[in-house]
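Dear colleague,

I am passing on a structure for you to look over, and my notes on what was found in it follow below. Please read them with the model open beside you.

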Amino acid sequence: MATRNLRPRVLTAIYSLGTFTISELCRAARLNDRGQAYAQLDRLKKLGYVEEQTLPASAAHAPFKEYRLVSDAGQRKKFA
């Protein structure tokens with residue numbers, strides 16, 4: 001898919017998922033490269049639309065990061 005379609009796909013996926021991991025976001029937005037998702041998430045975190053939480057590690061895996069659309073109604077309205 002064309003790069004110009006990346007941002008709308010990511011924004012739509014974030015809005016529909018609400019709470020997600022990076023792999024869930026990539027699947028929902030049909031992204032082949034996690035780097036594309038991280039770039040969009042960094043931008044959205046700086047703007048205050050997405051929050052990040054580190055989940056405890058299980059077994060030998062590194063801890064997962066869970067992302068969520070902010071709970072502040074004013075910010076959510078701006079995002080939509």
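Thr-54 is a residue of strand 2, and in this predicted model it is a convenient place from which to begin reading the sheet. With a relative accessibility of 47%, Thr-54 counts as partly exposed, because that class covers values from 20% to 50%. Its bridge partner in strand 3 is Lys-65, and when neighbours within four places in sequence are set aside, Thr-54 is in contact with Pro-63, Phe-64 and Lys-65. The C-alpha atom of Thr-54 is also separated by 6.1 Å from that of Glu-66, a residue 12 positions away along the chain.

The pairing around Thr-54 belongs to a wider pattern. Strand 2 is joined to strand 3 (residues 65-69) by 5 bridges, and the two strands run antiparallel; within this pairing, Gln-53 stands opposite Glu-66 of strand 3. Strand 3 also pairs with strand 1, again in the antiparallel sense, over 2 bridges, and there Phe-20 has Tyr-67 of strand 3 as its bridge partner. Taken together, the 3 strands form an open sheet in the order 1-3-2, with antiparallel pairing. Strand 1 (19-20) and strand 2 (50-54) stand at the edges and have a single partner strand each, so one side of each is left without a neighbour in the sheet. Helix 3 (residues 34-47) lies across strand 1, strand 2 and strand 3, and runs at about 110° to strand 2.

As for the chain as a whole, the protein has 4 helices and 3 strands, and read from the N terminus the elements follow the order α-β-α-α-β-β-α. Of its 80 residues, 31% are buried. Among contacts with a separation of 6 or more, 38% are between residues 24 or more positions apart.

Turning to the charged residues, side chains of opposite charge can pair when their charged atoms come close. The count of salt bridges in this model comes to 4, and I describe three of them here. Lys-45 and Glu-52 meet through their side chains at 2.5 Å, N to O; Lys-45 is partly exposed, with a relative accessible area of 29%, and Glu-52 is likewise partly exposed, at 34%. Glu-52 also forms a salt bridge with Lys-65, for which the closest N and O atoms are 3.2 Å apart. Since Lys-65 lies in strand 3 and Glu-52 in strand 2, this pair ties together parts that are 13 residues apart in sequence. Lys-65, the bridge partner of Thr-54, is partly exposed as well, with a relative accessible area of 39%. These residues belong to a network of salt bridges that links Asp-42, Lys-45, Glu-52 and Lys-65.

Another salt bridge is formed by the side chains of Arg-68 and Glu-66, at 2.8 Å from N to O. Arg-68 is partly exposed, its relative accessible area being 27%, whereas Glu-66, at 18% relative accessibility, counts as buried because the limit for that class is under 20%.

One further residue may merit your attention when you inspect the charges, namely Arg-9, which is placed in helix 1 (residues 6-17). What does a buried Arg-9 have within reach, given that it has no salt bridge? The nearest side chain of opposite charge, that of Asp-33, is 11 Å away, and because a salt bridge requires the nitrogen and the carboxyl oxygen to be within 4 Å, no such pair is counted for Arg-9. The side chain of Arg-9 does, however, reach the backbone oxygen of Ala-29, at 2.8 Å.

With kind regards

Methods:
Residues are numbered from 1 along each chain as its sequence is written. This is a predicted model: local features need pLDDT of at least 70, side-chain atom pairs count only at pLDDT 80 or more; totals for chains, interfaces and linings use all residues. Side-chain values use heavy atoms; hydrogens and water are left out. Buried means under 20% relative accessible area, exposed over 50%, partly exposed in between (1.4 Å probe, protein chains only). Lys and Arg count as positive and Asp and Glu as negative; His and the chain ends are not counted. A polar contact is a pair of N or O atoms within 3.5 Å; within protein, one must be able to donate a hydrogen and the other to accept it, and residues adjacent in sequence count only if both atoms are side-chain atoms. Two strands pair if DSSP finds at least two bridges between them. Contact means heavy atoms within 4.5 Å. Axes are lines fitted to C-alpha atoms, for helices over the stretch in contact, and angles run from 0 to 180 degrees between N-to-C directions.
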